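Please keep the viewer open beside this text, and select each stop as the tour reaches it.

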Amino acid sequence: MSVSLDCLNTRRSVPAKQLAAPGPDDPTLQRMLRAAVRVPDHGKRTPWRFLRIAGDTRHALGAALVARSLERDPAIGPVDLDKDRHRFAHAPLVIAVIARLGPDPKIPESERFSSASCVCFALLQAAQACGFGAQWLTGWPAYDPAIRRLLGLEDEERIAGFIHIGTPKLDIPERTRPDPLQLLSDWTPPPQMDAGRPA
């Protein structure tokens with residue numbers, strides 16, 4: 001139990017710019033994905049899937065982002081264009097976690113998207129447990145309809161996150177974390193409920 005808590009208590013993100021090769025090989029990635037799918041999934045809908053972005057496809061996507069950025073804002077500056085060009089070029093592997101939504105008679109869309117978000121977090125944990133660094137990012141490409149189509153998403157799919165995975169180039173210092181005791185409160189019934197409580 002303590003080993004599991006240590007993993008949770010030491011989790012930290014590594015900025016994508018600080019991630020380099022090597023990334024996980026296929027067997028290691030499969031182990032990470034098997035861990036990532038062990039998340040709450042009401043109704044057993046499996047409302048998510050994975051899209052791998054690796055190798056030269058990262059640079060092709062960067063070029064597409066530059067073209068789309070110019071469509072969105074013809075006055076965009078070179079600094080922002082360069083950021084888009086290299087947005088997926090740092091980490092050797094990016095896994096897009098795609099939420100599969102659409103009508104469902106029993107499970108609300110928000111719960112299914114939350115399940116996909118849990119997959120993102122679990123994948124971060126799995127990457128760190130396997131000795132890699134990772135960062136969960138979205139940014140404008142996650143919400144842009146043209147980029148979603150370019151990545152092959154269906155109309156009822158959304159990107160929950162891009163998980164950048166690689167080997168950290170430096171040790172990331174710990175940052176201040178919130179005190180959970182300051183965030184914890186106890187619910188008590190309002191007086192009118194107390195009055196109706198059986199003796």
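**A tour by selection**

Begin by selecting Lys44, which counts as exposed because its relative accessibility is 77%, a value over the 50% that marks the exposed class. What you have in front of you is a predicted model, and in it Lys44 lies in the loop between α2 and β2, the latter being residues 48-54. If you then inspect the backbone of Lys44, you will find phi near 50°, which is a positive value in a residue other than glycine.

Next, select Thr46, which is found in the loop between α2 and β2. The phi of Thr46 is near 45°, a positive value in a residue other than glycine, and the side to look at next is its cover: Thr46 is partly exposed, with a relative accessible area of 33%.

From there, go to Pro22, which sits in the loop between β1 (19-20) and α2 (26-36). Show the backbone here and look at the peptide bond that leads from Ala21 to Pro22, since this bond is cis, with omega near 5°.

For the last stop, select Glu109, whose place is in helix α5, a helix covering residues 109-129. Which residues gather with Glu109 in a patch of negative charge on the surface? Add Glu154, Asp155 and Glu156 to the selection, and the patch of negative charge is shown together with Glu109. Glu109 itself is partly exposed, because its relative accessible area is 45%, which falls between the 20% limit for buried and the 50% limit for exposed.

Terms used:
Residues are numbered from 1 along each chain as its sequence is written. This is a predicted model: local features need pLDDT of at least 70, side-chain atom pairs count only at pLDDT 80 or more; totals for chains, interfaces and linings use all residues. Side-chain values use heavy atoms; hydrogens and water are left out. Patches are made of residues with over 30% relative accessible area and no salt bridge: like charges are joined within 9 Å, nonpolar side chains (Val, Leu, Ile, Met, Phe, Trp, Tyr) within 5 Å. Accessible areas come from the Shrake-Rupley method with a 1.4 Å probe; for residues, only the protein chains shown count as cover. A salt bridge is a side-chain nitrogen of Lys or Arg within 4 Å of a carboxyl oxygen of Asp or Glu. Lys and Arg count as positive and Asp and Glu as negative; His and the chain ends are not counted. The place of a charge is taken as NZ of Lys, CZ of Arg, CG of Asp or CD of Glu. Helices (H or I, at least four residues) and strands (E, at least two) are DSSP runs, numbered from the N terminus. Buried means under 20% relative accessible area, exposed over 50%, partly exposed in between (1.4 Å probe, protein chains only).
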